[in-house]
Amino acid sequence: MTTLTLKNVTKRYDNKVQAVTDFNLEVEDREFIVFVGPSGCGKSTTLRMIAGLEDISEGDFLIDNKRMNDVASKDRDIAMVFQNYALYPHMSVYDNMAYGLKIRKVPKDEIKRRVDDAAKILGLEKYLDRKPKALSGGQRQRVALGRAIVRDASVFLMDEPLSNLDSKLRVQMRSEIIKLHNRLNTTTIYVTHDQTEAMTMASRIVIMKDGVIQQVGTPKDVYDNPDNMFVGGFIGSPSMNFLNGTVVNGQFKIGNVLVTLTDDQQARLKAYEGKEVVLGIRPEHVTDDNGAYDVTHAHRVPAFIEVAELTGAEQILYANLEGQDFIGRVDAQNAIERGQTVDLVFHMERAHFFDKETELRIGAVDTI
Amino acid sequence: MTKKQSKLIRLTISYLIILTMTAIVLYPLLWVLGSSFNPGNSLNSSQMFPDNPTLKHYQFLFDLERSNYLLWYWNSMKISLMTMIFSVILVSFTAYSFSRYRFVGRKNGLMTFLILQMIPNFAALIAIFVLATRLQLIDTHLGLILFYVGGQIPMSTWLMKGYLDTIPKDLDESARMDGAGHFRIFIQIIMPLAKPIISVVALFAFIAPLGDFIIARILLRSNEQYTLAVGLYDLVAKQFGNSFTTFAAGAVLVSVPIALLFLVFQKYFVSGLTAGGTKG
């Protein structure tokens, strides 16, 4: 049983730069939490505060309800995997993995048993005698993971562990880390800037920007109901389309094009009558006629196709509507070429509206 | 000009330069080596390749009855080794703290070291002499060792700090997560990785006392306490009976320990010991 609690955690550097502001999070036992955000958003800093590598300027950090702010890293029972592996170059793979245990004076045969077990899980049995420099990137990453596994620590921290691997290896290691988590069930915090990693691995995602949490939720929740425009735009690839328009008589007006709203949306946007708001809609909810599975609220808009990319199964359309760019995804069967003007369908029941000023989603719990 | 021709010219020029350099370096060496085997004592009659070579100068040096050479050798080795050991220990500690910790006075300390290393040791000769007199370190090896070690610290600290800065901090942090304290990180992680620079610092600290004449000359009084440099100088500085050939023989033998040390440290001089630890 390990739970982590971060209460109003703030990190301020000497030069007054505020890296993390008022960070609040409860991590349940066995959760796989992913911190995601663009570089410089404070996610790594937060992780390093949890690890004890950075001091916490304000607020409390608790493990199992015990305050840990002033406890040294080595006494926090946390294992960490670093972005660039941080293997000890002068030690063999075995010694790299055993180092933490040796320091903790674990008996020799116990060390051997644990290292052998970890090596078996990670497929490193053959490499135990090698030095890190004789390993490939993927193998080094495995050793770094192995070093965390043998420690049998109560919390795993991973700081962008896959970002140095090539894309194929990254996908492979991703699933291995998930398998590993399912097997060990250790509470894990994982930092990445890759939203795909966040979506595929997390039990809950924490999206950060400029040192502030933007939203916390399950991948599905975050994807389907982004709290603000940043989350909507950051999660999902290609990212969410944002179109500026005005609410006119319960309809949404983009330039000269009128889009019908659902009853629900009309109710929410009542207060915004005559004002400018932002429509957020994901590319997969912009289709051509054939893909319109639910036409009740679908709305056709005439779009000029600027670029059409064929990815194989589908076509990504870079379209323009009344001077605003957006992206649609259609079945590859319906060959649409650039330069055409075609009717695209907005599946309005999946669309969101955002306040233009605050960039918050209209209708999200805390904005009503 | 064809590619082959230009390559030929390039190679010829390179080899010419190398040959010239080799000649410049080797000529005095050969000369000293040659004259050490000359039968006479004077410089004038010496030849690089003597007609009737003899080992009598070496025999003289090794004869404890007639010469203190072996004693000086022992003194010099003792001083050099001690200087080497203490320098490496002190420099490692200082360099590590300058590289890894942030503390008040860090910048100024580094700057002071930088300025200090620009001033040669013997510039402080009078101060050293006064200090040694007050501390009763005149004519002792301890005094010499202290001054040599002190002289080594500034430059070697800069050298080593520069190297330690290139060892990724992630390794320290990783070791911290593994449960290591500051001292353990220093001894078990950083020092093994700093072997190349440690050998450089050690070598410098070993050679410096061997090459120093001025400070040793000022501080040492009795013949039995002399180091090689001072003792050998005595051989040629006498008003009568200068023995340049014996001096040459003594000088040749001085290079032996340095050459040995080079051989021992050579394998660490290759860089890339940190390769593979982190990505990059």
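How many residues of domain 1 of chain A are in contact with residues of domain 2 of chain A? In this predicted model, nine residues of domain 1 of chain A touch nine residues of domain 2 of chain A. The two domains are taken from the domain assignment of chain A, which places domain 1 at residues 4-233 and domain 2 at residues 238-355, and their C-alpha centres are separated by 39 Å. About 790 Å² is buried between domain 1 and domain 2 of chain A, and carbon and sulfur atoms account for 58% of that area.

Across this interface between domain 1 and domain 2 of chain A, one salt bridge is found. A salt bridge links Arg350(A) to Asp224(A), with 3.6 Å between the closest N and O atoms. On the side of domain 1 of chain A that touches domain 2 of chain A, the elements giving two or more residues are helix H7 (219-224) and helix H8 (229-234) of chain A. The residues of that side of domain 1 comprise four nonpolar, four polar and one charged. In addition, three residue pairs are in polar contact across the interface of domain 1 and domain 2 of chain A, both residues being at pLDDT 80 or more.

Backbone geometry in chain A was examined next. The peptide bond that joins Ser237(A) to Pro238(A) is cis, with an omega near -5°, and Pro238(A) belongs to the loop between H8 and strand S11 (241-248) of chain A. Two residues of chain A that are not glycine have a positive phi, namely Glu160(A), at about 45°, and Asn249(A), at about 50°. As background to these values, most residues other than glycine have a negative phi, and most peptide bonds are trans. Glu160(A) is located in the loop between strand S7 (155-159) and helix H5 (167-184) of chain A, whereas Asn249(A) is located in the loop between S11 and strand S12 (251-254) of chain A. The surroundings of the two residues can be set side by side: Glu160(A) is buried, because its relative accessible area is 9%, while Asn249(A) is exposed, because its relative accessible area is 66%.

The interface between the two chains was then considered. In this interface, 22 residues of chain B are in contact with 27 residues of chain A, and about 2300 Å² is buried between chain B and chain A, with 55% of this area lying on carbon and sulfur atoms. Two salt bridges are counted between chain B and chain A, and one of the salt bridges is formed by the side chains of Asp178(B) and Arg151(A), at an N to O distance of 3.6 Å. Twelve residue pairs, both at pLDDT 80 or more, are in polar contact across the interface of chain B and chain A. Helices H7 and H8 of chain B each contribute at least two residues to the side of chain B that touches chain A, and the largest share of that side, eight residues, is supplied by H7(B). The residues of the side of chain B that touches chain A are divided into nine nonpolar, seven polar and six charged.

Helix H7 of chain B, which spans residues 169-178, is mostly covered, since eight of its ten residues are buried. The buried residues of H7(B) include Asp170(B), Leu171(B), Glu173(B) and Met177(B), and Asp178(B), the partner of Arg151(A) in the salt bridge, is also among them. The buried residues of H7(B) pack against elements of both chains: in chain A these are helix H1 (43-51), strand S6 (78-81), helix H2 (93-103) and helix H4 (137-151), and in chain B they are helix H3 (69-100) and helix H8 (182-193). Just after H7(B), a positive phi of about 110° is found at Gly179(B).

Within H7 of chain B lies Asp172(B), which is classed as buried because its relative accessible area is 8%, under the cut-off of 20%. When residues up to four places away in sequence are left out, Asp172(B) touches Tyr96(B), Arg100(B), Ile185(B) and Ile190(B). The side chains of Asp172(B) and Arg100(B) make a polar contact at 2.7 Å, although the two residues are 72 residues apart in sequence, with their C-alpha atoms 9.2 Å apart in space.

Conventions: Residues numbered from 1 in each chain as written. Chains lettered and ligands numbered in written order. Predicted model: local features only at pLDDT ≥ 70, side-chain atom pairs only at ≥ 80, totals over all residues. Heavy atoms only, no water. Buried < 20%, exposed > 50% of the residue type's maximum accessible area, 1.4 Å probe, protein only. Helix = DSSP H or I, 4+ residues; strand = E, 2+ residues; numbered from the N terminus. Contact = heavy atoms within 4.5 Å. Domains from an automatic or database assignment. Buried area = accessible area lost by both parts, 1.4 Å probe. Salt bridge = Lys/Arg side-chain N within 4 Å of Asp/Glu carboxyl O. Polar contact = N/O pair within 3.5 Å; in protein donor to acceptor, adjacent residues only side chain to side chain. Nonpolar A, V, L, I, M, F, W, Y, C, P; charged D, E, K, R; others polar.
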